[in-house]
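Let's take a walk through this fold, one piece at a time. Have the coordinates open and follow along.

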Amino acid sequence: MLIVYNEAHPRHQGSVEMFRGALVPSVEVPARVERVREELLRRGTGRFVAPGATDMALLSRVHDPRYLAFLRQAWNEWVALDPVNAGSDVLPSYWPIKAFRRDVEPQSFVARLGLYAFDAGTPLTAGSWDASREGANCAITAARQVLAGESAAFALTRPPGHHAGRDYFGGYCFLNNAALAAQALRDGGAQRVAILDIDYHHGNGTQTIFYDRSDVLFVSLHADPYTDYPYYIGYADEAGSGPGRGFNFNLPLPRGTDGPCWRQAFQAAATRIRAFRADALVVSLGVDTYERDPISGFRLTTADFSRIGGALAGLALPTVLVFEGGYAVEDIGVNTANVLDGFLQR
Ligand code: SP5
Ligand code: ZN
């Protein structure tokens with residue numbers, strides 16, 4: 001298994017997020033990826049490679065070019081408002097709810113920020129664009145290695161990606177790494193690509209990017225949005241639209257879901273993916289389903305992650321794994337390495 005590691009990830013270093021009326025320390029920290037890297041190196045799991053150069057044409061097929069330009073400039077515009085802003089993260093305070101205009105882009109940076117962000121929990125910092133872009137390069141490189149004949153590759157990167165949509169960021173995500181990997185696979189000749197999202201949270205960005213397409217199947221196991229973030233999307237009746245109808249499959253699960261219940265839902269996901277006859281698989285690999293995750297509510301154990309790896313390999317498809325969430329930093333290395341070793345040992 002190839003590991004495409006994002007060396008630029010520490011340049012994205014949010015310090016706070018808004019939570020229940022207060023700024024609290026970020027849980028999406030550089031140590032997450034460093035712990036995984038250390039554990040993989042300690043075990044000798046996988047072979048580390050560097051990503052290729054940025055493919056702006058591919059980025060622009062998945063994301064709105066205007067959004068990409070906004071992201072690239074955001075930090076500079078934030079600091080231009082007032083030089084003291086250089087000491088704090090960019091977080092939005094204003095949003096256009098349904099009754100407001102969304103067709104005008106106000107001149108004010110803080111107003112435009114609300115057009116592109118969907119929560120106040122995703123700090124943007126001086127290096128967020130560079131780290132995100134290099135992370136996208138990792139996911140795309142992983143996909144291209146699989147197209148070139150590797151049976152599996154893992155994009156070890158942060159910030160994560162699956163909450164980022166065509167023209168919005170949130171949920172600690174700026175560029176949708178899994179969607180970029182899927183599009184790279186399609187562009188490289190895979191006729192049908194399945195995306196299986198097993199992060200604790202619904203992958204709203206990935207779902208919306210492919211919602212009207214039948215060439216990319218999106219299947220997600222996640223906490224029921226009725227009780228959990230992202231709240232307004234991720235329900236079982238979201239099946240896709242137009243030609244994409246039938247190619248979106250959400251499996252929301254209750255808080256407290258344990259290994260046996262999760263595996264039962266996984267079987268339903270696997271059945272749908274097999275019926276799709278995919279040429280390649282992209283896995284949005286979040287390990288925030290872990291019993292000790294600080295922001296989540298499932299009860300998967302460290303041993304369950306080894307079984308998940310085996311179950312993913314059981315789909316018997318060329319596979320690109322993309323790192324998403326997981327915030328129990330102490331155990332994140334073992335849990336993630338268990339998935340990869342479980343995959344390799346099957
Ligand atoms: C990729 C991913 O897993 N994104 C998850 C985004 C969840 N954001 C909302 C959760 C709010 C919890 N933040 C609380 C921190 C203080 N205890
Ligand atoms: Zn998550």
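Let's begin at a loop: Pro230 sits between β7 (216-223) and β8 (248-253). Those strand names, like the helix names below, come from DSSP runs counted from the N terminus, with helices being H or I runs of at least four residues and strands being E runs of at least two. The peptide bond that joins Tyr229 to Pro230 is cis, with omega about 5 degrees. Another cis peptide bond joins Arg158 and Pro159, where omega is about -5 degrees. Pro159 is placed in the loop between β5 and α6.

Some bookkeeping before going on: this is a predicted model, in which local features need pLDDT of at least 70 and side-chain atom pairs count only at pLDDT 80 or more, while totals for chains, interfaces and linings use all residues. Residues are numbered from 1 along each chain as its sequence is written, chains are lettered from A and ligands numbered from 1 in the order in which they are written, and side-chain values use heavy atoms, with hydrogens and water left out.

Now to the metal. Which residues hold the zinc ion (ligand 2) as protein donors? They are Asp199, entered twice through OD, His201 through ND1, and Asp288 through OD, at 1.9 to 2.8 Å from the ion. A donor here is an N, O or S atom within 2.8 Å of the metal (3.2 Å for Na, K and Ca), and since water is not among the atoms, sites may look incomplete. Along the chain the donors follow the spacing D-x1-H-x86-D. The pair of Asp199 and Asp288 links distant parts of the chain, 89 residues apart: Asp199 is in the loop between β6 (193-197) and α7 (204-210), and Asp288 is in the loop between β9 (280-285) and α9 (302-313). Are these two aspartates buried or exposed? Asp199 is buried at a relative accessible area of 1%, and Asp288 is buried too, at 0%. For the cut-offs, buried means under 20% relative accessible area, exposed means over 50%, and partly exposed is in between (1.4 Å probe, protein chains only).

Next, look at the strands. β1 (residues 2-5) is covered on both faces, with Leu2 and Val4 buried on one side and Ile3 and Tyr5 buried on the other. That pattern fits a general rule: in a regular strand the side chains alternate between the two faces of the sheet. Strands count as paired if DSSP finds at least two bridges between them. β1 runs parallel to β4 (residues 47-49), with three bridges joining them, and Leu2 has Arg47 as its bridge partner in β4. β1 also pairs with β5 (residues 152-156), again in the parallel sense, over four bridges. There, Leu2 is bridged to Ala153.

Move on to β5 and you'll find that five of its five residues are buried, so the strand is largely enclosed by the rest of the structure. On one side are Ala152, Phe154 and Leu156, and on the other Ala153 and Ala155. β5 also runs parallel to β10 (residues 319-323), joined by four bridges, and the partner of Ala152 in β10 is Thr319.

The hairpin of β2 (residues 16-19) and β3 (residues 22-25) is built in the antiparallel sense, with four bridges. Met18 has Leu23 as its bridge partner in β3. Two residues lie between the strands, and Arg20 takes a positive phi near 50 degrees there. Arg20 is exposed, with a relative accessible area of 76%. Arg277 also has a positive phi near 50 degrees, in a residue other than glycine. Arg277 lies in the loop between α8 (259-276) and β9, and is exposed at 57%.

Finally, turn to two helices. The axes of α5 (residues 128-147) and α6 (residues 177-187) come within 8 Å and cross at roughly 35 degrees. Axes are lines fitted to C-alpha atoms, for helices over the stretch in contact, with angles from 0 to 180 degrees between N-to-C directions. Which residues of α5 and α6 meet? From α5, they include Ala136, Ala139, Ile140 and Ala143, and from α6, they include Leu180, Ala181 and Ala184. Contact means heavy atoms within 4.5 Å.
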